[in-house]
Amino acid sequence: QVQIVESGGGSVQPGGSLRLSCAASGSIFSFGAMDLGWYRQAPGKQREMVAVISRGGGTNYADSVKGRFTISRDNVKKTVYLQMDSLKPEDTAVYYCNLQIFAREYWGQGTPVTVSS
C-alpha cells in the first residue's frame, strides 16, 4: 500500500510564498533512488513540468519559475518539497508531485494554488 500525501497549497496574494510538501509512505522502500518532480495544470491547459530533482540531487526548473521556486528532497522523511516565492497570478494551478523509478510511477492527488489579489 503506497500513500502519497500532498499539502501546503492555498490562496495567496501576488508576491507571496507557499511551500508544498509531498510525503510518501507505505510500501516505498526506494525513495532515495527515485526521481522526483512537481507538475502543475492550470485551467484549460495541459500539465507541465515545474521542477524536477534527480535521485542524485540535480535540479531543473521550468523557465517560468527559475529564481522563484526551489525543489528539494528529504530522503529520510521520504518527502519532496517545492518552495514557491514571489508568486504570480500565472502560477495559479493544481500542483502534483511525481515520484518515478524504473517501471513505477506515482502521483500525488494534487493541491490547488491560487495567486490573486
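# Exercises on a predicted model

The charged end of Arg47 is placed over the ring of Trp107, at 4.6 Å from its centre. The exercises below all concern a predicted model.

**Exercise 1.** Determine which aromatic ring, besides that of Trp107, has Arg47 over its face, and at what distance from the ring centre.

*Solution.* Begin with the criterion, which asks that CZ of Arg be within 6 Å of the ring centre and within 35 degrees of the ring normal. Arg47 lies over the face of Tyr96, 3.8 Å from the ring centre. The charged end of Arg47 also sits over the ring of Trp107, where the distance to the centre is 4.6 Å. As for rings that pair with one another, the structure holds one aromatic pair.

**Exercise 2.** Describe how strands S9 and S10 are joined, and state which residue of S10 stands opposite Leu99.

*Solution.* First take the direction and the bridges: S9, covering residues 93-101, runs antiparallel to S10, covering residues 104-107, and four bridges join the two strands. Next take the register, in which Leu99 stands opposite Tyr106 of S10. Finally consider the connection, where two residues separate S9 and S10 in a hairpin, and where Ala103 in the turn has a positive phi of about 75°.

**Exercise 3.** Identify the residues that touch the most other members of the largest nonpolar core, and find which strand gives the most to this core.

*Solution.* The largest nonpolar core has 32 residues, of which Trp38, Leu82, Met84, Tyr95 and Leu99 touch the most other members. The elements that give two or more residues to this core include strand S3 (18-26), strand S4 (35-41), strand S8 (79-84) and strand S11 (111-115). S9 gives the most, with five residues. To follow one member further, set aside the neighbours of Met84 within four places in sequence; the contacts of Met84 then include Leu18, Leu20, Phe69, Tyr95 and Val113, together with Gly16, Ser17 and Arg68.

**Exercise 4.** Decide whether Ser21 is buried or exposed, and list the residues that Ser21 touches when those up to four places away in sequence are not counted.

*Solution.* Ser21 is located in strand S3. Because the relative accessibility of Ser21 is 14%, and buried means under 20%, Ser21 counts as buried. With residues up to four places away in sequence left out, Ser21 touches Val5, Glu6, Ser7, Trp38, Thr79, Val80 and Tyr81.

**Exercise 5.** Trace the salt bridges of Arg40, classify the accessibility of the partners, and name the network that results.

*Solution.* Side chains of opposite charge can pair when their charged atoms come close. The structure holds five salt bridges. In one of them the side chains of Arg40 and Glu48 meet, with 2.9 Å from N to O. Arg40 is buried, at a relative accessible area of 5%, whereas Glu48 counts as partly exposed at 35% relative accessibility. In another salt bridge, the side chains of Arg40 and Asp91 meet at 3.0 Å, N to O. This pair links distant parts of the chain, with Arg40 in strand S4 and Asp91 in the loop between S8 and S9, 51 residues apart. Asp91 counts as buried, at 1% relative accessibility. Through shared partners, salt bridges join Arg40, Glu48, Arg68 and Asp91 into one network.

**Exercise 6.** Locate both partners of the salt bridge between Arg55 and Asp35, and classify the accessibility of each.

*Solution.* The side chains of Arg55 and Asp35 meet in a salt bridge of 3.5 Å, N to O. Arg55 lies in the loop between S5 and strand S6 (59-61) and Asp35 in strand S4, so that the pair, 20 residues apart, links distant parts of the chain. Arg55 counts as exposed at 54% relative accessibility, while Asp35 is partly exposed, at 29%.

Key:
Residues are numbered from 1 along each chain as its sequence is written. This is a predicted model: local features need pLDDT of at least 70, side-chain atom pairs count only at pLDDT 80 or more; totals for chains, interfaces and linings use all residues. Side-chain values use heavy atoms; hydrogens and water are left out. Rings of Phe, Tyr and Trp (its six-membered ring) pair if their centres lie within 6.5 Å; planes under 30 degrees apart count as stacked, over 60 as edge-to-face and the rest as tilted. Two strands pair if DSSP finds at least two bridges between them. A nonpolar core is a set of buried Ala, Val, Leu, Ile, Met, Phe, Trp, Tyr and Cys residues joined through side-chain atoms within 4.5 Å. Buried means under 20% relative accessible area, exposed over 50%, partly exposed in between (1.4 Å probe, protein chains only). Contact means heavy atoms within 4.5 Å. A salt bridge is a side-chain nitrogen of Lys or Arg within 4 Å of a carboxyl oxygen of Asp or Glu.
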